[in-house]
Amino acid sequence: MPTAAAMAGSGTRPKPVYELTNVAKTYAAGEVRALEGVSLTVREGEFHSVIGSSGCGKSTLLKIMAGLTPPSKGRVILSGTPVTGARPDIGMMFQQATLFPWRTTLQNILLPIQIREGKRAAAAARSRAAALMELVGLKGFESAYPAQLSGGMAQRAAICRMLVTEPRMLLLDEPFSALDEITRDFMNMELQRICLERSASAFLVTHSIAEAVILSDVVHVMSARPGRIARSIAIDLPRPRTLEMATLPAFGAYVSEIRNLLDKGAFL
Ligand SMILES: Nc1ncnc2c1ncn2[C@@H]1O[C@H](COP(=O)(O)OP(=O)(O)O)[C@@H](O)[C@H]1O
Ligand SMILES: [Mg+2]
């Protein structure tokens, strides 16, 4: 299957999944301008990242895309319809795995289905959840409690919980930033594999330049206060990406381009 980037190159661009037009957000009765003039398009199967300093509005942008908070201005369209609240076609993941300690790993993973569709639907989805656990290397931990999982395993369980409703769009807010670097590298490759296997699109908030470059088709560099997209950089590296690609001159060039933007222009 050709990658989204390759298809873009051949002139047959995949369909837009997300279309944001001129999105702005102010908090505290207009006193905090968190976001301004954000326009972007995520197409089917594409992986986008947004990178920027702490407090520049990344989480705000993600929450608006998820329908968890309304924009003050602008339009958010997902698969042709405006986002006005939480949607079943979106899967979300945060920095902390936030598993319930009194539920087993499998029960935690099935929770979104139980909440939306009830206990019977959750029971019917057990084999799908077990298959997901196998996909992320958690086979055998179905009845383990969160306290018995390592940080990386808990995040993998959170990935399963995000995927169990089969969303086509993944919204990720620094999902691996609490993990050690080796686990994080591994999780990044897992995330890529899962996205490619399921043709899912993804939008990742990160403050790791290397993570943004290795995973993304497009990296949006944000400026601070109010948060704007200073530059959107297409990452033209072949897929599947490998960790070894971090040694390529092209990879290094993308990293320094983004670092330069963050060091000066993005903050003007
Ligand atoms: N619920 C809120 N009420 C008021 N201000 C907020 C709220 N959420 C975020 N902010 C402010 O908006 C700005 C952007 O925050 P956030 O989107 O969390 O940034 P990031 O995720 O990039 O660190 C910050 O100045 C933050 O203090
Ligand atoms: Mg944040």
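These are my notebook entries on two sheets, one helix and a ligand site in a predicted model.

**Entry 1: the six-stranded sheet**

I began by tracing the order of the strands. This open sheet has six of them, in the order β6-β7-β8-β3-β9-β10, and the pairing is mixed. As a reminder to myself, strands of a sheet pair through backbone hydrogen bonds, either parallel or antiparallel.

Why is one side of β6 and of β10 left without a neighbour in the sheet? β6 (90-93) and β10 (228-234) are the edge strands and have a single partner strand each, so nothing in the sheet stands on their other side. I also looked up the twist: on average, neighbouring strands here are turned by 15 degrees against each other, direction ignored.

**Entry 2: the β9-β10 hairpin**

Next I followed the chain through β9 and β10. β9 covers residues 218-223, and its pairing with β10 is antiparallel, over six bridges. I picked out two pairs to find by eye. Val219 sits opposite Ile233 of β10, and Met222 has Ile229 as its bridge partner in β10.

The two strands make a hairpin, with four residues between them. In that turn I noted Arg225, whose phi is positive, at about 40 degrees.

**Entry 3: a helix across the sheet**

Which strands does α6 lie across? I found α6 (residues 151-163) lying across β6 and β7 (169-173). Its direction is at about 165 degrees to β6.

**Entry 4: the four-stranded sheet**

I then turned to the other open sheet, where four strands run in the order β2-β1-β4-β5 with antiparallel pairing. Its edges are β2 and β5 (81-82), each of which pairs on one side only.

I zoomed in on one edge. β4 (residues 73-78) and β5 run antiparallel and are joined by two bridges. Here Ile77 stands opposite Pro82 of β5.

**Entry 5: around ligand 1**

Last, I listed the residues around ligand 1. They are Tyr27, Ala28, Val32, Ala34, Gly52, Ser54, Gly55, Cys56, Gly57, Lys58, Ser59 and Thr60. Sorted by class, this shell has five nonpolar, six polar and one charged residues.

Which element gives the most to the shell? I found that α2 does, with three residues. Both α2 (58-66) and β2 (32-43) supply at least two residues each. That links this entry to the previous one for me, as β2 is also an edge strand of the four-stranded sheet.

Methods: Residues are numbered from 1 along each chain as its sequence is written. Chains are lettered from A and ligands numbered from 1 in the order in which they are written. This is a predicted model: local features need pLDDT of at least 70, side-chain atom pairs count only at pLDDT 80 or more; totals for chains, interfaces and linings use all residues. Two strands pair if DSSP finds at least two bridges between them. Axes are lines fitted to C-alpha atoms, for helices over the stretch in contact, and angles run from 0 to 180 degrees between N-to-C directions. Two residues are in contact if their C-beta atoms, placed from the backbone, lie within 7 Å. A residue is near a molecule or strand if its C-beta atom, placed from the backbone, lies within 6 Å of it. Ala, Val, Leu, Ile, Met, Phe, Trp, Tyr, Cys and Pro count as nonpolar, Asp, Glu, Lys and Arg as charged, and the others, Gly among them, as polar.
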